[in-house]
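Hi everyone, thanks for making time for this one. I'd like to walk you through a structure that is new to most of us, so settle in and have a look at it with me.

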Amino acid sequence: MHTNLFEDMRQSIIDGDAETAAELAQKSIDQGIDPLEAINKGFVVGVDHVGSQFSCGNAFLPELVMAGEAMKAAIKVLEPEMTKTGAQRQMLGKVVLATVEGDIHDIGKSLVGTMLSSSGFEVIDLGVDVPITTIVEQARQVDADIVAVSSLLTTTMVRQRDVVEALEDLGLRPNTKVMVGGAPVTQDWADEIGADGYSEDAVGAVSVAKKLVQN
Ligand code: B1M
């Protein structure tokens, strides 16, 4: 079902065509398709394709940038649909969310933020390329239940360890939990750096966050 639409979505990202991506996102809403299904079966397939073409030298930075912009255009249309259900729920906990310093990838991090807020968490999204000191200071100020840090680069993953250590230095652990994620991040890495939770995707991040606030 919807195979052609998902294929068009994939192609719109590969073409870096933000206008078409946004139109297709709207079409999927009109057809009653779950926004996360549209993202995962359509748009993400396209962005993954561009990413693998980039790693083997068949695509270059402009293609990566355009794919990212097209992906953002689609998510902008789908986001209000994802948040509709969360509006009436009670607050489950406070999450300070950021992509770590040196890393400007924001699509996955923002998706995690959208899913967390639509599930009832209050999300303070600090954006991308955020210094460790800003993350932990914000966590202290708002008395965060969870600090959620995303890294898309193998070179910036190490900053997640710095976040755990900086929270420990401030005496905020173990009360403030740390959740990590991003394409190169694994459960083994989370265990190694002493993070409390890891998820490979935005849906899983909600279950992990719910478990963390129960403990
Ligand atoms: Co970049 N990039 N990029 N890039 N980029 C990757 C990550 C890369 C794997 C591509 C490749 O070579 N195959 C590669 C990293 C290699 C590595 O480190 N091992 C790479 C590179 C090298 C780079 C540059 C260094 C390129 C250059 O300049 N030479 C540069 C770095 C800039 C920087 O950050 N300092 C760069 C730049 C960019 C753009 C700006 C052009 C653009 C980002 C646009 C934007 O975000 N606004 C971009 C893009 C688009 C990608 C790819 C193609 C797609 C990323 C994406 O948005 N995926 C990516 C390849 C890939 O992942 N296939 C790539 C879709 C998104 C929904 O998935 O972000 O994985 P993702 O998030 C998922 C999960 O990971 C998880 O849930 C999300 C939703 O399911 N998740 C969490 C994420 N955060 C989480 C946090 C959690 C829990 C789950 O809890 C806290």
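Before we look at the metal, one definition: a donor here is an N, O or S atom within 2.8 Å of the metal, and since water is not among the atoms, a site may look incomplete. Please also keep in mind that this is a predicted model.

So, which residue gives the cobalt atom of the ligand its only protein donor? That is His105, through NE2, at 2.2 Å. If you want to find His105 on the screen, go to the loop that runs between strand S1 (93-99) and helix H5 (107-118).

Now let's zoom out to the overall layout. The protein chain is split into domain 1, residues 3-85, and domain 2, residues 93-214. Taken over C-alpha atoms, the centres of the two domains are 24 Å apart. Where they touch, domain 1 brings 10 residues and domain 2 brings eight residues.

How much area do domain 1 and domain 2 bury between them? About 770 Å², and 78% of that is on carbon and sulfur atoms. On the domain 1 side, the residues that lose the most area to domain 2 are Leu36, Lys72 and Met82, which together make up 46% of what that side buries.

Let's turn to polar links across this boundary. Between domain 1 and domain 2 there is one salt bridge, and one residue pair is found in polar contact across the interface. As for which elements build the domain 1 side, helix H3 (35-55) and helix H4 (61-83) each supply at least two residues that touch domain 2. The largest share comes from H4, with seven residues.

Let me stay with Lys72 for a moment. Its side chain meets that of Asp106 in a salt bridge, 3.8 Å from N to O. This pair ties together distant parts of the chain: Lys72 is in helix H4, while Asp106 is in the loop between S1 and H5, 34 residues away. You may recall that loop, as His105 lies in it too. Are these two partners buried or exposed? In between, in fact: Lys72 counts as partly exposed because its relative accessibility is 37%, and Asp106 counts as partly exposed at 21%.

How many salt bridges does a search of the whole structure find? Eight. I'll show you two others.

One of them is within a helix. Arg10 and Glu7 meet through their side chains, at 3.3 Å from N to O. Both lie in helix H1, residues 3-14, and they are three residues apart, about one turn of the helix. Arg10 is partly exposed, with a relative accessible area of 21%, and Glu7 is partly exposed as well, at 37%.

The other joins Arg173 to Asp196, with the closest N and O atoms 2.5 Å apart. Again the pair links distant parts of the chain, 23 residues apart: Arg173 sits in the loop between H7 and S4, and Asp196 in the loop between helix H8 (187-193) and strand S5 (197-198). Why does Arg173 count as buried? Buried means under 20% relative accessible area, and Arg173 has 17%. Its partner Asp196, at 33%, counts as partly exposed.

Arg173 also brings us to the backbone. As a bit of background, most residues other than glycine have a negative phi, and most peptide bonds are trans. With that in mind, look at the bond joining Arg173 and Pro174: it is a cis peptide bond, with omega at about 5 degrees. Pro174 is in the loop between helix H7 (158-169) and strand S4 (177-181).

Next, two aspartates with positive phi. Asp129 has a phi near 55 degrees, and it is found in the loop between strand S2 (121-125) and helix H6 (132-142). At 38% relative accessibility, Asp129 counts as partly exposed. Asp143 also has a phi near 55 degrees, and its place is the loop between H6 and strand S3 (146-150). With 59% relative accessibility, Asp143 counts as exposed.

If you take one picture away, let it be this one: His105 (NE2) as the only protein donor of the cobalt atom, and Asp106 meeting Lys72 in a salt bridge. Thanks for listening!

Conventions: Residues are numbered from 1 along each chain as its sequence is written. This is a predicted model: local features need pLDDT of at least 70, side-chain atom pairs count only at pLDDT 80 or more; totals for chains, interfaces and linings use all residues. Side-chain values use heavy atoms; hydrogens and water are left out. Donors are N, O and S atoms within 2.8 Å of the metal (3.2 Å for Na, K and Ca); water is not among the atoms, so sites may look incomplete. Helices (H or I, at least four residues) and strands (E, at least two) are DSSP runs, numbered from the N terminus. Buried means under 20% relative accessible area, exposed over 50%, partly exposed in between (1.4 Å probe, protein chains only). Domain bounds come from an automatic or database domain assignment. Contact means heavy atoms within 4.5 Å. Buried area is the accessible area (1.4 Å probe) that two parts lose on being put together, summed over both. A salt bridge is a side-chain nitrogen of Lys or Arg within 4 Å of a carboxyl oxygen of Asp or Glu. A polar contact is a pair of N or O atoms within 3.5 Å; within protein, one must be able to donate a hydrogen and the other to accept it, and residues adjacent in sequence count only if both atoms are side-chain atoms.
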